[in-house]
Protein chains: 2
Amino acid sequence: VEVEGTDRRRSFWGWGNEQDHLPPPAVGRLASTLGERLGADMRVRRPPRLEEIELRRSRVSPPAALDAILTEDRFERCLHSYGRSFRDVQRASRGDFSRPPDLVAFPRDADDVARLLDWCSSLRFAAIPFGGGSSVVGGVEPDVGDSYGAAISVDLARLGAVEEVDTVSRAALVQAGAFGPAIEDQLRPHGLTLRHFPQSFEFSTLGGWIATRSGGHFATRETRIDDFVEALSVVTPAGRIETNRYPSTGAGPAAESLFLGSEGVLGVVTGAWLRLHERPIFRARATIGFAQLEAAMATVRAIAQSALEPANCRLLDPAEAQTAGAAEGSQFVLMIGFESSDHPVVPWLARALELCRDHEGQVVEQTSEGEPGGRGRGRRGRGEPARGAGPGAPAADAWRQSFVGGPYLRDALVLCGAVCETFETAVTWDRFEKLHAAVLAATRDGLEDAAHGAGFLTWRLTHVYPDGVAPYYTVVAAGRAGSELEQWATIKEAATEAILSNGGTVTHHHAIGRDHRAYVERERPPLVSAALSAARRVLDPATICNPGALLRPGAGKEPA
Amino acid sequence: VEVEGTDRRRSFWGWGNEQDHLPPPAVGRLASTLGERLGADMRVRRPPRLEEIELRRSRVSPPAALDAILTEDRFERCLHSYGRSFRDVQRASRGDFSRPPDLVAFPRDADDVARLLDWCSSLRFAAIPFGGGSSVVGGVEPDVGDSYGAAISVDLARLGAVEEVDTVSRAALVQAGAFGPAIEDQLRPHGLTLRHFPQSFEFSTLGGWIATRSGGHFATRETRIDDFVEALSVVTPAGRIETNRYPSTGAGPAAESLFLGSEGVLGVVTGAWLRLHERPIFRARATIGFAQLEAAMATVRAIAQSALEPANCRLLDPAEAQTAGAAEGSQFVLMIGFESSDHPVVPWLARALELCRDHEGQVVEQTSEGEPGGRGRGRRGRGEPARGAGPGAPAADAWRQSFVGGPYLRDALVLCGAVCETFETAVTWDRFEKLHAAVLAATRDGLEDAAHGAGFLTWRLTHVYPDGVAPYYTVVAAGRAGSELEQWATIKEAATEAILSNGGTVTHHHAIGRDHRAYVERERPPLVSAALSAARRVLDPATICNPGALLRPGAGKEPA
């Protein structure tokens, strides 16, 4: 597909747009750098070509009534075969599209979604909701087993509008298929922003965020999509659900919670009323270096428990700081930032820096925007809105560049023959030290087993909470051609086992999908799974919605 | 029962402790003041006496195995017959205890709860979880219909301990039967506070808060109990559920959400890990007067949308301000306050006052505590922790006194023959003006119908959100002896109809219980009710848990 309004075209096998992939010479340079670092011979493969893919025939033809919204198009079926995890890109880049959706649907509205689900229910075809397709946990893969006659990928791209803006309450009704940039583009004329910036922002949608409880870029407070959802619209096979707009309610259990993180197994989220923010004008940021991990962690905890609530509070280990160009590699680097549409935030930063200095942190750089002077009634809306997610100090800019470009780099690493994985968790402060040590040790053992130690492991903190923290790990290993998926599984299993047995959650913001389904059953109480399956039997009696994700296959078909 | 460690005794018919009820001369003075104001003849009744109550015999005797935790005691059966709504106190004060629980259980631990639920399930006896018994919506009343052989009130008072404190993550494991003051008393030695202060604080429990999604005293941010719950323990008839401690997780749907607001219909919450705060040291507060409602509302909205997040942001209408002694009755009064355990909050208040002045607000008083100077590393824990919920400026103190004493005053009004009701909602900003006008008009019409206009209506804002606000209304009318419940129903119906038809929720923090059950079905999507009922069938197959609350009687017995 052409990406609307640009000359860009989505990659059918890898991240984002084809034009933004690393050019072959850059991939070549990456291979030699990496090969040197890993002491391995990295051979670059060329990307797959659409015309070379062997694609099985669709098992079903679009019925006349749905012909306008269903396609057998080769590109679309490939694009909708996978999310964008390492496993996905590894398989896709090798031309393995052995389990494509039979058809891809592009409903135009909620009525179309309802008609599609009726059709799928009546024939027991699996219906797999698809937003941006950026899942890294097998959330959109049509791996539904043989009991379904067909698998239909339901792409909500045509539901991309901000339908209504309530500037008084600062809220908007947004269709579920809207991508991050499109949402911001439609809100900008109102001086408003959703201010939800997951790493996948450019290639993920509101519906996907809701279905997976996505985590935004910001470190504290409103960052998970849950916090932004005022009301929801869902089309289930049993009928439609619309919850009401309330700023808060004491009526429980909260209906929205049933669908936040439902991963498409209860129906298709078609839209939501979202809480918005005015665009920030005031910013204050700093980069702080720490020689010791203990001091850095103590600082982060002090800041997290201070109620200062920075927008950014991201600790990078020395290797990540160096990779991101934020430091030279000897220090842990803490990037901290505050922002406001209402008031200067320099006092907030000043107190945070006191906490840093209390723990021997060295301030490397410090900047602010939107200083006092412009204060007063006419002030609002006058300032030039700064870029959405952007920090802005040099180290922070370098970091952001590396953050957004990360997935493209990962795909290039795949073409170089590397095995890559990013995994993450959240854990209470009291358990962090033990969990972190266990994860590092287990992952290094996994690297040893999978690649004779030819690899590296880096980490950072992505989100901080008063009661805990979310660490995020990146591992890259030398692959053995043809064994990459087994190598990946060895590392993934070692890391996940260390997380789960040390009090971490299986996911802070990558979701469950199919890849984490067996793991989540170790943290979700069995009676909660049973209650959820019972709710599913009501909403999706034929169990056609994204079967195999989130809940055990068959869960929902009969009483647990 | 004697209240532990004091000479106080709980009132079996009214709010709180008997000793704290208004003494008869004060009730007499209240009656004449009120009679004068309403132009009515208010005759004071004397409170009921326990020995005069006609109490039907229990339909069941405690089995030997549960004898240690079940009682037929007269006082306990009366105390557990009602919550503390106007309807409850009206009936109780007239000696009507026609539907008491057959037995009252005092389980000592979760095992006892499990054995009780087993026993109730096997005989189809209703089990009604009871915390502090402060429900104002019929949440604990054993009005379960004739299909149950008996009704057992399950009082968690013996589960009152803070079992574990994690000072690193600032969290504690607390048993569900712990009352507000007991929780704070047990946390104080650790320098920590839960900082959750619903009006019922002294006479309500953690389990009750969780079951009803209680709202705390604070105006913004962490104020609803939902925000404090890190993990939950629940005993259901089908077995136990324990969720894990995570600061956050992307695994959905959130298990805790199923039980927050479940009002006892899915089982008995027995404990929770709670997120805590350090005790505040720094405070800054002000009282601001506004001549016009529009300007006051514009200010409140500006503050709510500023992300300054005051602890207190309470607007009183002129009548409430006067009643509470916070002003002389010609102005709307805004009480605003900030607090922190980490940093001086004067800059926060200064910006809020700018917003007030932008809208012609007049600062009446302004105070602060814990000024800079005590700054630095050794500072924490040194300051004398100030009182829990307390603002502290004179107007705010007057208000707080009136807030905490409110329920005692209400009971005295009942003895004077008045009809009283407090009702509340939450609504998005764009709909507030219309809703508020409709509620005032409908309630005045209701007052006209019910009491020929002999009554008054006051209101305040209790909580503010970026996208809306929670108004709270108080109505007092002259009763006609014997017709008070019909008069109440007339007013309640008029007000609730105005709320629901103007975009307000049936409850911001009073919950659903039995009184709001029919109303909530107008805002809860039918498929959500069906999904919830299906979850209930899994967790409570015999439908013994608090039948009639939250869900339609019979919901959960068969597929919806």
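This report covers selected helices and backbone features of a predicted model.

**Helix α8 of chain A**

Helix α8(A) runs over residues 293–304 and holds 12 residues. At 1.5 Å a residue the expected span is 16 Å, and the C-alpha atoms at its two ends are 16 Å apart, so expectation and model agree. The buried residues of this helix are Leu293(A), Ala296(A), Met297(A), Thr299(A), Val300(A), Ala302(A), Ile303(A) and Ala304(A). Buried here stands for a relative accessible area under 20%. In an α-helix there are 3.6 residues a turn, so residues three or four places apart point the same way.

The cover over these buried residues includes both strands and helices of chain A. Among the strands are β12 (282–290), β13 (312–316), β14 (332–340) and β18 (455–465). The helices include α10 (346–358) and α12 (429–451).

**Helix pair α1 and α11 of chain B**

In chain B, helix α1 (residues 24–38) and helix α11 (residues 394–415) have axes that come within 9 Å and cross at roughly 70°. This crossing makes α1(B) roughly perpendicular to α11(B), because angles of 65 to 115 degrees fall in that class. From α1(B), the residues Val27(B), Leu30(B) and Leu34(B) take part in the contact. Their partners in α11(B) are Leu409(B), Ala412(B), Leu413(B) and Leu415(B). By class, the residues of this contact comprise seven nonpolar, no polar and no charged.

**Backbone exceptions**

Most residues other than glycine have a negative phi, and most peptide bonds are trans. The table lists cases in this model that depart from these two patterns.

| Site | Feature | Value |
|---|---|---|
| Gly252(A) to Pro253(A) | cis peptide bond | omega near -20° |
| Gly252(B) to Pro253(B) | cis peptide bond | omega about -20° |
| Arg124(B) | positive phi | near 50° |
| Leu550(B) | positive phi | about 65° |

Pro253(A) sits in the loop between β9 (239–242) and α7 (255–259) of chain A. In chain B, Pro253(B) is placed in the loop between β9 (239–242) and α7 (255–259).

As for the positive phi values, Arg124(B) belongs to the loop that links α4 (110–123) and β3 (126–130) of chain B. With a relative accessible area of 22%, Arg124(B) is partly exposed, since the buried class requires a value under 20%. Leu550(B) lies in the segment after α15 (526–539) of chain B. The relative accessibility of Leu550(B) is 0%, so this residue counts as buried.

Note on methods: Residues are numbered from 1 along each chain as its sequence is written. Chains are lettered from A and ligands numbered from 1 in the order in which they are written. This is a predicted model: local features need pLDDT of at least 70, side-chain atom pairs count only at pLDDT 80 or more; totals for chains, interfaces and linings use all residues. Side-chain values use heavy atoms; hydrogens and water are left out. Helices (H or I, at least four residues) and strands (E, at least two) are DSSP runs, numbered from the N terminus. The expected span of a helix is 1.5 Å times one less than its number of residues. Buried means under 20% relative accessible area, exposed over 50%, partly exposed in between (1.4 Å probe, protein chains only). Contact means heavy atoms within 4.5 Å. Axes are lines fitted to C-alpha atoms, for helices over the stretch in contact, and angles run from 0 to 180 degrees between N-to-C directions. Angles under 35 degrees count as roughly parallel, over 145 as roughly antiparallel, 65 to 115 as roughly perpendicular and the rest as oblique. Ala, Val, Leu, Ile, Met, Phe, Trp, Tyr, Cys and Pro count as nonpolar, Asp, Glu, Lys and Arg as charged, and the others, Gly among them, as polar.
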